[in-house]
Amino acid sequence: MLTVQRYVVQSTSGRVLVPFIAEYFSEDETVYTWPCALAMASYLLAYSNVVEGKVVLELGSGTGLSSIISLMLGAQHVISTDRSAHEFLVGYRLLRYNFELNQFPTDQYTVVCTIIYNINY
C-alpha cells in the first residue's frame, strides 16, 4: 500500500519545511522514513550552508527525505542512493516519485539503487 504524507521538518530556530513523502508497505518490502532521516533533515535545516549551492550525495536514502530537504535548501544537485532487494525496484520508483511529488525538475536529482553496501572479503 502506498501512502503519502507531509513531514514537518523544524529546526531549533523555528524554521520549518514541509515536504510530501510517499512510503510503501507490503508483505514483501517496506520503504518508510526512518527517524534518523528526520534528525538529519532538521540538522540540514539548521545548517543549510552545508548543502546550499553544492552537489549532495546521500547514501542509504530510503524515501529521500534528506535529499529533498537538501534541494529545498538550495543544493545544486542531489544523488540519492539506496539498495532495492525487490525485483520491481520499489525503492528506486519511490525515490523518483518523492522528487516528483515535491516538483523538482529531473535535472536536479539522480537516483541510483544498485549500490552494494556489504561486501565480504
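What follows is a conversation between a student and a tutor about how terms are applied to this predicted model.

Student: How do you know which features of this model can be discussed?

Tutor: This is a predicted model in which local features need pLDDT of at least 70 and side-chain atom pairs count only at pLDDT 80 or more, while totals for chains, interfaces and linings use all residues. Residues are numbered from 1 along each chain as its sequence is written, and side-chain values use heavy atoms, with hydrogens and water left out. The mean pLDDT of the chain, pLDDT being the predictor's confidence in each residue from 0 to 100, is 89, and 89% of the residues reach 70 or more. Among the elements, helix 2 has the highest mean pLDDT (98) and strand 5 the lowest (84).

Student: What makes a stretch of the chain a helix or a strand, and how many of each are there?

Tutor: Both are DSSP runs numbered from the N terminus, a helix being H or I over at least four residues and a strand being E over at least two. The chain has three helices and eight strands, and along the sequence they follow the pattern β-β-β-β-β-α-β-α-β-α-β. Strand 5, at residues 30–31, therefore qualifies under the rule of at least two residues.

Student: How do you know that strand 4 pairs with strand 5?

Tutor: Two strands pair if DSSP finds at least two bridges between them. Two bridges join strand 4 (residues 20–25) to strand 5, so the pair meets the requirement of at least two. F25 has T30 as its bridge partner, and Y24 stands opposite V31. A hairpin of four residues joins the two strands. Strand 1 and strand 4 pair in the antiparallel sense over five bridges, with T3 partnered by E23.

Student: Why are strand 1 and strand 5 called edge strands?

Tutor: The open sheet has the order 1-4-5 with antiparallel pairing, and strand 1 (2–6) and strand 5 (30–31) each pair on one side only. Helix 3 (residues 90–101) packs on this sheet, touching strand 1, strand 4 and strand 5, and its direction makes about 160 degrees with that of strand 4. Contact here means heavy atoms within 4.5 Å; the axes are lines fitted to C-alpha atoms, for helices over the stretch in contact, and angles run from 0 to 180 degrees between N-to-C directions.

Student: What makes the other sheet parallel, and which strands are in it?

Tutor: This open sheet of three strands has the order 6-7-8 with parallel pairing, and its edge strands are strand 6 (55–58) and strand 8. Its twist averages 10 degrees from one strand to the next. Four bridges join strand 6 to strand 7 (residues 77–81), which run parallel, and E58 stands opposite S80. Helix 2 (residues 65–72) lies across strand 6, strand 7 and strand 8, at about 180 degrees to strand 7, whereas helix 3 lies across strand 7 and strand 8, at about 165 degrees to strand 8.

Student: Why is the pair of Y43 and Y47 called tilted?

Tutor: Rings of Phe, Tyr and Trp (its six-membered ring) pair if their centres lie within 6.5 Å, and planes under 30 degrees apart count as stacked, over 60 as edge-to-face and the rest as tilted. The search of the whole structure finds three aromatic pairs. Y43 and Y47 have 4.8 Å centre to centre and 35 degrees between the planes, so this pair is tilted. The rings of F99 and Y109 have centres 4.2 Å apart and planes at 10 degrees, so that pair is stacked. F99 lies in helix 3 and Y109 in strand 8 (residues 109–112), so the pair ties together parts that are 10 residues apart in sequence.

Student: Why is M40 called partly exposed?

Tutor: Buried means under 20% relative accessible area, exposed over 50%, and partly exposed in between (1.4 Å probe, protein chains only). M40, in helix 1 (residues 35–46), has 39% relative accessibility and so counts as partly exposed. Y43 at 41% is partly exposed, as is Y47 at 44%, whereas F99 and Y109 are both buried.

Student: What makes R6 a charge over a ring?

Tutor: The criterion is NZ of Lys or CZ of Arg within 6 Å of the ring centre and within 35 degrees of the ring normal. The charged end of R6 sits over the ring of F20, 4.2 Å from its centre, and 4.2 Å therefore falls within the 6 Å limit.
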